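Please look over the sequence and the model shown below before reading on. The paragraphs after it are meant to be read with the structure open.

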Amino acid sequence: MSATADHAEERTNPAARLGFQPGQVVQEIGYDDDVDQELREAIEGAVEGELVDEDYEDVADAVVLWFRDDDGDLTDALVDATTYIEEGGAILLLTPKTGRSGYVEASDISEAATTAGLTAAKSVSVGKDWSGSRLATPKAAKSKR
């Protein structure tokens with residue numbers, strides 16, 4: 001692919017925009033029948049493999065966390081998710097968009113991420129019903145400077 005084609009894919013493929021790379025192990029937490037199947041397939045395509053589930057017994061390179069307002073405490077969910085990833089790994093927090101059932105306020109996401117020791121690296125619309133926030137551990141955030 002040419003550089004132009006790579007940039008075009010990043011604009012159209014949310015998984016590419018979020019930084020998923022071939023060979024990464026991505027653990028999925030919070031899967032339910034309301035998740036965005038196209039996004040899941042795009043992530044699997046980007047990493048060239050299937051997402052692993054909550055029962056995966058090793059550390060992953062990244063975590064995809066589907067979270068809705070009624071799923072419990074977001075800070076706890078983020079702290080738990082950090083235990084599943086390699087140092088410097090990222091958590092893609094996916095929440096329903098404004099006006100959708102289960103919507104989570106941006107201020108709640110920011111507060112929970114900060115309390116969990118994470119830094120919001122990037123936010124992106126990832127589908128018609130879901131928004132994504134790419135969260136990184138402070139070490140990962142510092143290494144990109």
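What follows is a walk through the interior of this predicted model.

A convenient place to begin is the largest nonpolar core, which has 19 residues, and in which Phe20, Val26, Ile43, Val64 and Leu94 touch the most other members. Helix H3 (37-47), strand E2 (60-66) and strand E3 (85-96) are the elements that give two or more residues to this core, and H3 gives the most, with five residues. In soluble globular proteins, nonpolar side chains tend to be buried together.

Leu94, one of the residues just named, is in contact, once neighbours within four places in sequence are left aside, with Leu39, Val64, Leu65, Trp66, Phe67, Val126, Trp130, Ser131 and Gly132. Apart from this core lies another, of 18 residues, including Phe67, Leu93, Val104 and Leu118.

Strand E3 also holds Ile91, which is buried, with a relative accessible area of 0%. Not counting residues up to four places away in sequence, Ile91 touches Val63 and Leu65, as well as Leu78, Ala81, Thr82, Ile85, Leu118, Ser133, Arg134 and Leu135. Ile91 and Thr137 are 46 residues apart in sequence, yet their C-alpha atoms are 8.7 Å apart in space.

A polar residue completes the picture: Gln27 lies in strand E1 (residues 26-29) and is buried, with a relative accessible area of 0%. What does the side chain of Gln27 reach? The side chain of Gln27 reaches the backbone oxygen of Asp53, at 2.9 Å. Beyond its neighbours within four places in sequence, Gln27 is in contact with residues that include Val52, Asp53, Glu54, Asp55 and Tyr56, and also Val63, Val64 and Tyr84.

Notes: Residues are numbered from 1 along each chain as its sequence is written. This is a predicted model: local features need pLDDT of at least 70, side-chain atom pairs count only at pLDDT 80 or more; totals for chains, interfaces and linings use all residues. Side-chain values use heavy atoms; hydrogens and water are left out. Helices (H or I, at least four residues) and strands (E, at least two) are DSSP runs, numbered from the N terminus. Buried means under 20% relative accessible area, exposed over 50%, partly exposed in between (1.4 Å probe, protein chains only). A polar contact is a pair of N or O atoms within 3.5 Å; within protein, one must be able to donate a hydrogen and the other to accept it, and residues adjacent in sequence count only if both atoms are side-chain atoms. Contact means heavy atoms within 4.5 Å. A nonpolar core is a set of buried Ala, Val, Leu, Ile, Met, Phe, Trp, Tyr and Cys residues joined through side-chain atoms within 4.5 Å.
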